[in-house]
Amino acid sequence: MTVLFKLSNITKSYGERQVLNAKALEIRAGNIHCLLGPNGSGKTTLLRIMSLLTPNDGGHLEVLGEAVNWQPSQLLRLRRQMAMVTQSSFMFEGSVYYNVAYGLRARKTPKKEIQQRVQESLELLGMSDFIDAPARYLSGGETQKVAIARALAVRPRVLFLDEPTSNIDPSSSLEIEQYIKHINQEYTTTIVLITHNFFQARRLAQHTSLLWEGHIIEEGPTRDMFHNPQDPRTRRFLKGEY
Amino acid sequence: MDVIGQGVKEGILLILSLDPELIQVTLLSLQVSLSALLVSGLLGIPAGTFLALKDFAGRKLILNIIYTLMGLPPVLAGLIVFLVLSNRGPLGEWQLLFTPSAMVIAQVLLGFPLVAGLSARAVMSQRQEAYDTAVMLGATRTIAILSIIREARMGIIAALTTALGRLIAEVGAVMMVGGNIQGKTRVLTTSIVLETRMGHDSRALGIGIILLILAFIIMLLILKLEKRSFKDDSTIQII
Ligand SMILES: Nc1ncnc2c1ncn2[C@@H]1O[C@H](COP(=O)(O)OP(=O)(O)O)[C@@H](O)[C@H]1O
Ligand SMILES: [Mg+2]
């Protein structure tokens, strides 16, 4: 299987404090790969480095087969194969249509095709009725579904989800989990999912890396991690003592 | 009280009479202030956006200078432009003093800091998420920056409105560099000064009413523009 992301000794500090020191991480194509860990363990920092939004301080970073040099042309080319949804997604002022079409417009997709893909994406998330609604007035759950449709409309190879369900109620949360699974299976989209909810990791991810104070302390198939955790801190985390 | 009543009456009569000189003065007022607004906007919006988004040595200093110049007294702006354009000044050979062009230049000196400073504030109030969302959706850096400007447009329109209000109403700068020459550089505000000096109080007040109506019409047009771009935005409901 192809390795889409290859990280070695990736570090990041804010001021004096090192918030990330990831010795080794590989994300393979086709998986849902979960980055699990308590708040402040460096998950978002790691994701922002992989999605090329924040430069790392040290280490080696390979994204979609390329060593990252942070040149604007490379960033654009690589980012156009990715998409991201964060925990409270930012919506541009305008309609749901305007938002879902944004990535396609940026790629200069013909108008006819934009319309078709926006409709398709919204339909997949059960949000067709909202196409003309102002995006800033959606509820938390609706916003997240539109954000997923917006990400999906550009048909990314990799979808980053940073705590996509942390700000919404449990039933919407489960609904969105179904969509995440569906996207991974039907479109063979690789998904990197951040969560601090280990039940969610267990429901969705084939592979999990556990972060702890900036370090990846355990990693492997999700099932193994839950049934046979190696690190004592993993055991504590799974018992909810963090 | 009589003066005011008389002034209102005279103002209405003045408008109805379609006095050719007054029409010319009104059009010049509009021409000068709208030109100055256009130049201030074309320079000020990009400058403000740049200052808001680009971190470089001296950025804070430049922003503070701009914020200070937002309160530049019009007569001082007039004096500076006067000195630069006067025969002994560095640009004396351009022969611009006492022409509408000089008035536009002086008003740009007033309008630019206002547009640049308020645009910078409007762009700075946008969140990092706006930029991140744009680039993660595949926008180039330029497109992402344009998207941020679009998000900030309410504030930028407010900047332009504020600037126009200041320019159409100011008298110090246009008086200083225009000279209030009849048929050439006389505008509404300088007319009011002149008429008052000549003891034509009610005529001065009449011109003042025209100025007020003009300002009102311009604000209505801008509000309409604002509404058009915010049809999906509503007000805060306080119950
Ligand atoms: N821009 C920043 N400036 C300073 N500190 C930051 C910044 N971003 C993150 N941090 C710090 O880095 C640590 C890891 O943060 P983050 O990656 O957001 O954790 P997580 O997503 O796992 O909750 C936290 O202690 C956070 O306060
Ligand atoms: Mg986080």
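**Figure 1. Residues of chain A around ligand 1 in the predicted model.** The shell around ligand 1 includes Tyr14(A), Arg17(A), Val19(A), Pro38(A) and Asn39(A). Further members of this shell are Gly40(A), Ser41(A), Gly42(A), Lys43(A), Thr44(A) and Thr45(A). Sorted by class, the residues surrounding ligand 1 comprise three nonpolar, six polar and two charged residues.

**Figure 2. Close-up of polar atoms of Ser41(A), Thr44(A) and Thr45(A) beside oxygen atoms of ligand 1.** Ser41(A) takes part through its backbone, with an N or O atom 3.2 Å from an oxygen atom of ligand 1. Thr44(A) takes part through its side chain, in which an N or O atom is 2.7 Å from an oxygen atom of the ligand. For Thr45(A), a polar side-chain atom lies 2.5 Å from an oxygen atom of ligand 1. On its own, ligand 1 has 560 Å² of accessible area, and the protein covers 60% of this area. Two elements of chain A, strand S2 (17-28) and helix H1 (43-50), each give two or more residues to the shell around the ligand. The largest contribution is that of H1(A), which supplies three residues.

**Figure 3. The contact between chain B and chain A.** On the side of chain B, 23 residues are in contact with chain A, where 25 residues take part. About 2000 Å² of area is buried between the two chains, and carbon and sulfur atoms give 57% of that area. Eight residue pairs are in polar contact between chain B and chain A, counting those with both residues at pLDDT 80 or more. Helix H6 (128-136) and helix H7 (141-151) of chain B each supply at least two residues of the side that touches chain A. H6(B) gives the largest share of this side, with eight residues. The residues of chain B that touch chain A divide into eight nonpolar, six polar and nine charged.

**Figure 4. Close-up of Arg136(A) and its salt bridges with Glu151(B) and Glu93(A).** Two salt bridges are counted between chain B and chain A. In one between the chains, Arg136(A) pairs with Glu151(B), and the closest N and O atoms are 2.5 Å apart. Within chain A, the side chain of Arg136(A) also meets that of Glu93(A) in a salt bridge, with an N to O distance of 3.0 Å. Arg136(A) lies in the loop between helix H4 (111-124) and helix H5 (140-152) of chain A, while Glu93(A) lies in the loop between strand S6 (82-85) and helix H3 (96-106) of chain A, so this pair ties together parts that are 43 residues apart in sequence. Over all chains, the structure holds 17 salt bridges.

**Figure 5. Helices of chain B.** Chain B has 11 helices and zero strands. Its pattern along the sequence is α-α-α-α-α-α-α-α-α-α-α. Taken along the principal axes, the C-alpha atoms of chain B fill a box of roughly 65 × 55 × 25 Å.

Key: Residues are numbered from 1 along each chain as its sequence is written. Chains are lettered from A and ligands numbered from 1 in the order in which they are written. This is a predicted model: local features need pLDDT of at least 70, side-chain atom pairs count only at pLDDT 80 or more; totals for chains, interfaces and linings use all residues. Side-chain values use heavy atoms; hydrogens and water are left out. A residue is near a molecule or strand if one of its heavy atoms lies within 4 Å of it. A polar contact is a pair of N or O atoms within 3.5 Å; within protein, one must be able to donate a hydrogen and the other to accept it, and residues adjacent in sequence count only if both atoms are side-chain atoms. Accessible areas come from the Shrake-Rupley method with a 1.4 Å probe; for residues, only the protein chains shown count as cover. Helices (H or I, at least four residues) and strands (E, at least two) are DSSP runs, numbered from the N terminus. Ala, Val, Leu, Ile, Met, Phe, Trp, Tyr, Cys and Pro count as nonpolar, Asp, Glu, Lys and Arg as charged, and the others, Gly among them, as polar. Contact means heavy atoms within 4.5 Å. Buried area is the accessible area (1.4 Å probe) that two parts lose on being put together, summed over both. A salt bridge is a side-chain nitrogen of Lys or Arg within 4 Å of a carboxyl oxygen of Asp or Glu.
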